[in-house]
Each structure stands twice: as C-alpha cells, then as structure tokens.
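Please look through the structure below. The text after it deals with a pocket and then with a ligand.

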Amino acid sequence: MIEGLTHPGCEALRGISAPVTLVGDPGYDEARRMWNLAVDLRPAAVASPRSLSEVTELARVATAAGLHLAPVGTGHGVGGFTGVDLSDTVIVRMQDFTGVRIDVDQQVAVVTGGTRWSAVIEAASANGLTAAHGSAPDVAVAGFVLGGGLSFYGRQHGVSANHVRSVQVVLADGSVVTASATELPELFWALRGGGGTFGIVTEVQIELLPYADVFAGMLLWDRSRASQVVPAWAEWSRQVPDSVTTSLRIMSFPPRPELPPFLSGRDIVVVDGVFLQPDDQAAALLEPLQALNPELDTFARTPAVGVLAMHMDPPAPTPGVMKHCVLDAFDEAAVDRFLAQVGDGTRHGLLLAEIRHLGAAFAVTPNGAGVFGSVAGSYLAQAVAVPMPPPNAPAARAAVQDFILALRPWSSAALVPTFTDERRAELFCPTDVARLRGVKQAIDPAGTFVSALEL
Ligand SMILES: Cc1cc2nc3c(=O)[nH]c(=O)nc-3n(C[C@H](O)[C@H](O)[C@H](O)COP(=O)(O)OP(=O)(O)OC[C@H]3O[C@@H](n4cnc5c(N)ncnc54)[C@H](O)[C@@H]3O)c2cc1C
C-alpha cells in the first residue's frame, strides 16, 4: 500500500455501526491526532467504537477485509508507531467507550475501554478508596496497566499491573475473552506489560487501595539551588521508608501567559510525591528537604484525588519526545553528572529531566505477576523535550538522547514499557520474548494486531 491511498478493504468499514474515518474523509486529520502531538500517524482508517458490540463488529469486519488493527486509548504513548507504515491498519480509538463501576465490598474498579484515570479515581475516592494511578489524570487505565504502570504508591504497592484482577479482550475474529489468574492465564501474563498486541481491551478490573487521603505535595526551588537540592534529595531518598515515593525534576518553562507565575519563563527544581504515613511521621521525614527553604511547599494531608494534579502534567494534548533509563544507583557521581547535564547554568533543550525513586515494592515480583511485574533498579531517569515547531524533532531527540547517554554508567538493562516511546523488543529478556511470541501465536496467529512492542 502507498501511504495516502485508501486500502481496498476499508470500504467494508463504511457499513459498521462505530464511527469510522478513512483516508481522504473530512475529519481524517482530526481523527488521527493523538495526545502526543509530535506523533504523526497516517493509518488507513480511524474507528471510534462506543460499545462492546461496536468493538466486536469492527474487529470482525476489519479482519475479514484484511486490515490490521492498532488499539489506542488517548495517544499518550504512541511514539512507538513513529515511522511505522500504518496504511493497512485501522487505529481503534477507545476514548469514546468509557465507564467505571466501583465494587466497594471487593475494593475493585471495573473500568471500561478507554476510561481515564481521572474518572476512576474520582469514583473510587467517593468511596474512600484510590488506585495505583500514574502522574497524568488523562492517561487511560487500560494503556497504563498494559505497560506495567508506575505510580506514586509504587514503593509501597508495586507496579500497577500487579493490581489487575482480569482483562476483557476482543480478539481478531470478534470473539470476547476474559483473561485472569484462572482463565487464559498465559494471556493474562502477557497482557500485563505486553501491551496492545493481543487484542482490543474492553474492560479492566483493578484492585483499589484503601486511602481516602494521603500526605502529598511538592516542594519547589529556583534552579540556582539545584547543587544543594539534588544531592540532598538523592541522599534523603536512600534512607526513606518504602511508604514514601517521590520524584525530583528539573523543569524549564518558556514565558507563557497561560502558565502560573511560579512556572512561566523559569528554570526550577521540583520534588513531589506521596507519603503513606501518619502526618507527624510524614512531617518528620520531610523536614530535611523543607530545611532547604523551598519557595513553594504544598505538602499536606490531601484527599487522594488531589494526587492526580500533584505532578503538574500538561492538561491538554502536547508535543513531546521522551526517553528513559533505569538506574542502579543515583550516587554522588551520578548526581554530579546529572547536574553537569541539567543543573544551574546549563542549556539542555529539555522541558524536564526527572529522577523517580523506585526500589522497595517496585523491585519485587509477586507470585502470579505478568511479564512486567517489577523493575530491577533503584531510580528511573526520564527526559522530555518539546519539539519546536512540531513535528521537527531532531533537536528534541538529540537533547533527550544526550541526557540518557550521560547517565549510562549508572543505568541497568531494564526498561519500563509505559515510559518507552520507541518500537522495540528488548523491553523483555529473551525467555519472556519467546513466551510472548507463543501467546501471540496462540491468540492472534494472523498477526492482526499491531502495537509498539516488536515481537
Ligand atoms: C504526561 C505523561 C505522564 C505520564 N505519567 C506516567 C506515570 O506516572 N507512570 C507511568 O507508568 N506512565 C506514565 N506515562 C506513560 C503512559 O502511562 C503510557 O504512555 C500509557 O501507555 C498511556 O496509555 P493511553 O491508553 O493513555 O495511551 P495510548 O498511547 O493510547 O496507548 C498506548 C498503548 O497502549 C495500548 N493500548 C491502549 N489502550 C488499549 C486498549 N484499549 N486495548 C489494547 N491496547 C491498548 C496500545 O498498545 C497503545 O499503543 C505518562 C505519559 C505522559 C505523556
């Protein structure tokens, strides 16, 4: 197929119930626009099913017409499709098939299709509960747990995919299956980290966490304080208990009227996170960082729903190029290298350089975990750059690459699927890749589903 031409199989989609936009249709550019505006996908068609029956009909008709299917939620994590020929592929956008039901007795959320974390946490918190969600409220639950998922509850409660009870999936022939510890256990193993390469996820049941409120917030300094704050946080993070999960970022914002004054046109250092401790113990733990006189300190007991806004992730679609690595240590030499890259006085071309504290329960694989049940490493380092103007990304790619290369002496071989924005297979060890291939062969033998995971 030549990109820009309609795949002959697409005409069959005209008759289905779900809204479909083909190449050349009015609205095609709007339909293919992802949350990450730097990712320019040109699929044969975009379908937006609104119900289980619309998903099954779409899968059946598209497969019979010889098309491939690429399920997506919001488009936060579609960088892996960059450069992939999608001219015979239907992007299945799940954002219009949503819903959440909280089973308070079981402490489980039953989450439909493309539902975002914000809807789930709002519903859970109305019942005094929360979940191991990520930093961005508008990421979809399915896409998050299919990639493992790292939350600010993670040093206490582990990788978020470990909290998934079951996953409902529509396969290429339109059949609906449920994968859990007792039904299709191999598929259940593969889905929790292996992403959207096996089918279209239409429901996730996820265990909730028993927190109505938590001690959480952020501390903020001007970047001129980085040489004091970064080593202090690194040293502090080595001593905090498992109940504390924090992140340190150096962020650089252009002057923008829509930004609050404490961000607009500024280079800053931010430490934020969640302490699952009584207030007096949390306050005592925080003291050494507060002693560094942050200009802003929002730490307080807060309803758990407030954690959704804590990390200040962009509230609307944004262009971004990102890269990460997992660090075995963030010792004095690593701190020096980090500061040489992004500390005071440097020009690094990044929106943010982040060190997230891992270890503790993040590093423990529980019995019955999926392919991504833990992270072997102590910290995650991430760089994000905004290509200006999109989609001209070479400078942004070079900036994130520079940052990750600088930390190579401390990085392990581990990678985290949700933070991986490239098409790659080396997310997993060869044994797990072979096992994933076996599941793919059994569940999707014709290779109908495409995702960023290269099997
Ligand atoms: C601002 C920002 C903050 C983030 N914060 C965190 C964080 O704190 N912790 C963390 O772990 N990650 C984080 N991420 C990464 C994010 O969790 C992943 O990109 C996640 O995959 C996004 O899921 P999505 O469905 O919203 O995105 P999409 O890009 O739509 O989906 C990503 C992939 O998931 C699969 N998928 C999604 N939905 C379905 C479905 N219904 N059926 C089958 N496959 C599906 C597909 O393979 C798809 O390509 C962040 C990303 C951004 C941009």
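A pocket is defined on a 1 Å grid over the protein atoms alone, as an open set of points where a 1.4 Å probe fits, with protein on both sides within 12 Å along at least five of seven lines. Grid points are joined across faces, edges and corners, and a volume is the space filled by probe spheres set on the points. The model is predicted, so local features need pLDDT of at least 70 and side-chain atom pairs pLDDT 80 or more, while totals for chains, interfaces and linings use all residues. Residues are numbered from 1 along each chain as its sequence is written, and side-chain values use heavy atoms, without hydrogens and water.

The second largest pocket has a volume of about 270 Å³. It is lined by 14 residues (an atom within 4 Å of a point), and His324, Cys325, Ile404, Arg408 and Leu415 are the closest to its centre. At least two lining residues each come from β15 (321-327) and α11 (394-406); helices (H or I, at least four residues) and strands (E, at least two) are DSSP runs, numbered from the N terminus.

Turn now to the ligand. Around it are 30 residues (a heavy atom within 4 Å), of which Gly73, Thr74, Gly75, Gly77 and Thr418 come nearest. The largest share of this shell, three residues, comes from α4. Oxygen atoms of the ligand also make polar contacts (N or O atoms within 3.5 Å): one lies 2.8 Å from a side-chain N or O atom of threonine 418, and one lies 3.2 Å from a polar backbone atom of glycine 143.

Key. Polar contact = N/O pair within 3.5 Å; in protein donor to acceptor, adjacent residues only side chain to side chain.
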